[in-house]
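Here are my notes for anyone opening this one for the first time. Have the sequence and the 3D view side by side as you read.

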Amino acid sequence: MLLSIEHVRKSYPGGRPVLNDVSLTLEQGQTLALTGESGSGKSTLLHLVAALDGFDSGEITLDGGPMSPLDDAARAALRRNTLSLVFQQFNLIPSLTVAQNLSIHARLAGRDNPEWITHLTERLGLIDLQDRYPENLSGGQQQRVAIGRAMAIRPRLLLADEPTGNLDETASAVVLDLMLSLVADTDAALLLVTHSTEIASRLDRRAHLTGGCIE
Ligand SMILES: Nc1ncnc2c1ncn2[C@@H]1O[C@H](COP(=O)(O)OP(=O)(O)OP(=O)(O)O)[C@@H](O)[C@H]1O
Ligand SMILES: [Mg+2]
């Protein structure tokens, strides 16, 4: 089991719990679509799995290691070595070129692998765009760079929060296909948040978040 979420409860200061009792597992190489109404806590859950935020009770276990005892340094190490995130808003660094954006995370993690980056650049159709800056790219192109940056560390787990939410249908299909094929090639697992039943139907499994629980 790569990821195990057990009875997780999460509330923000002063508020009622957003997640009441969430349990979910994900095997290595599996893809899972997380759906749910706006405000149901999908991004919150993704942030917990990404070790970006703590939870009130329950446990999240990644690759056999429970997250709750981890300090900030150990959480950062998880994000450098084991998991990566792709967001709806791409979040590229505007002052870096495509090539620099692609390699920045792997480089900072001390896991620079030029051959793998070259492979990703080709696979993502970014060869001719390498020297451009993000502001001169279309949304679909920016998201392809963001996927390459996330995959550059060869994560065991890719987390994606509505990665096609800002794209038109054609670009969205391209981005989803690329993400699924890269994940399959590297035997990574994918936890993807989406509002689209069409996208959800392309993944191995589906989970629906409602009332703070997985249905
Ligand atoms: N940092 C925060 N502080 C307080 N409340 C928050 C915080 N982040 C999110 N919330 C609240 O938690 C609930 C769940 O938010 P979350 O962003 O996880 O929903 P979501 O399912 O991702 O929604 P959407 O589909 O619109 O992206 C919402 O009521 C939101 O207002
Ligand atoms: Mg969200």
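**Notes for a first look**

1. Start with a loop. Phe90 sits in the loop that links strand 6 to helix 3 (98-108). Keep in mind that this is a predicted model. What stands out is the backbone: Phe90 is not a glycine, yet its phi is positive, about 65 degrees. Most residues other than glycine have a negative phi. Is Phe90 buried or exposed? Phe90 has 22 other C-beta atoms within 10 Å, and 20 or more make a residue buried, so Phe90 is buried.

2. There is another positive phi to look at, at Asp187, with a value near 55 degrees in a residue other than glycine. Asp187 belongs to the loop between helix 6 and strand 8. Here the surroundings read the other way: Asp187 counts as exposed because it has 12 C-beta neighbours inside 10 Å, and 12 or fewer is the cut-off for that class.

3. Now the mixed sheet. Six strands make up this open sheet, in the order 6-7-8-3-9-10, and the pairing is mixed. Its edges are strand 6 (83-86) and strand 10 (213-214), each of which pairs on one side only. Helix 5 (residues 139-151) packs on the sheet and touches strand 6 and strand 7. The direction of helix 5 makes about 170 degrees with that of strand 6.

4. Within that sheet, have a look at strand 7 (residues 157-161) and strand 8 (residues 189-193). These two run parallel and are joined by five bridges. To find the register, use Leu158, which stands opposite Leu190 in strand 8.

5. The other sheet to trace is antiparallel: four strands form it as an open sheet in the order 2-1-4-5. Strand 2 and strand 5 (65-66) are the edge strands, and each pairs on one side only.

6. Strand 1 (residues 3-11) and strand 2 (residues 17-26) deserve a closer look. They pair in the antiparallel sense over six bridges. Together they form a hairpin with five residues between the strands, and Gly14 in the turn has a positive phi of about 80 degrees. Two pairs help you follow the register: Val8 stands opposite Val22, and Ser4 faces Thr25.

7. Which residues surround ligand 1? They are Tyr12, Gly15, Val18, Gly36, Ser38, Gly39, Ser40, Gly41, Lys42, Ser43 and Thr44. By type, the shell splits into two nonpolar, eight polar and one charged. Helix 1 (residues 42-49) gives the most to this shell, with three residues.

8. Last, the inside. In soluble globular proteins, nonpolar side chains tend to be buried together. The largest nonpolar core here has 59 residues, and those touching the most other members are Val49, Ile147, Leu157, Leu158, Leu159 and Leu191. Helix 6 (residues 169-186) supplies the largest share of this core, six residues.

9. To see how one core member is placed, pick Ile147. Leaving out residues up to four places away in sequence, Ile147 touches Val86, Leu124, Val175, Leu178, Met179 and Leu182.

Definitions and conventions: Residues are numbered from 1 along each chain as its sequence is written. Chains are lettered from A and ligands numbered from 1 in the order in which they are written. This is a predicted model: local features need pLDDT of at least 70, side-chain atom pairs count only at pLDDT 80 or more; totals for chains, interfaces and linings use all residues. A nonpolar core is a set of buried Ala, Val, Leu, Ile, Met, Phe, Trp, Tyr and Cys residues joined through C-beta atoms within 7 Å. Two residues are in contact if their C-beta atoms, placed from the backbone, lie within 7 Å. Two strands pair if DSSP finds at least two bridges between them. A residue is near a molecule or strand if its C-beta atom, placed from the backbone, lies within 6 Å of it. Ala, Val, Leu, Ile, Met, Phe, Trp, Tyr, Cys and Pro count as nonpolar, Asp, Glu, Lys and Arg as charged, and the others, Gly among them, as polar. Axes are lines fitted to C-alpha atoms, for helices over the stretch in contact, and angles run from 0 to 180 degrees between N-to-C directions.
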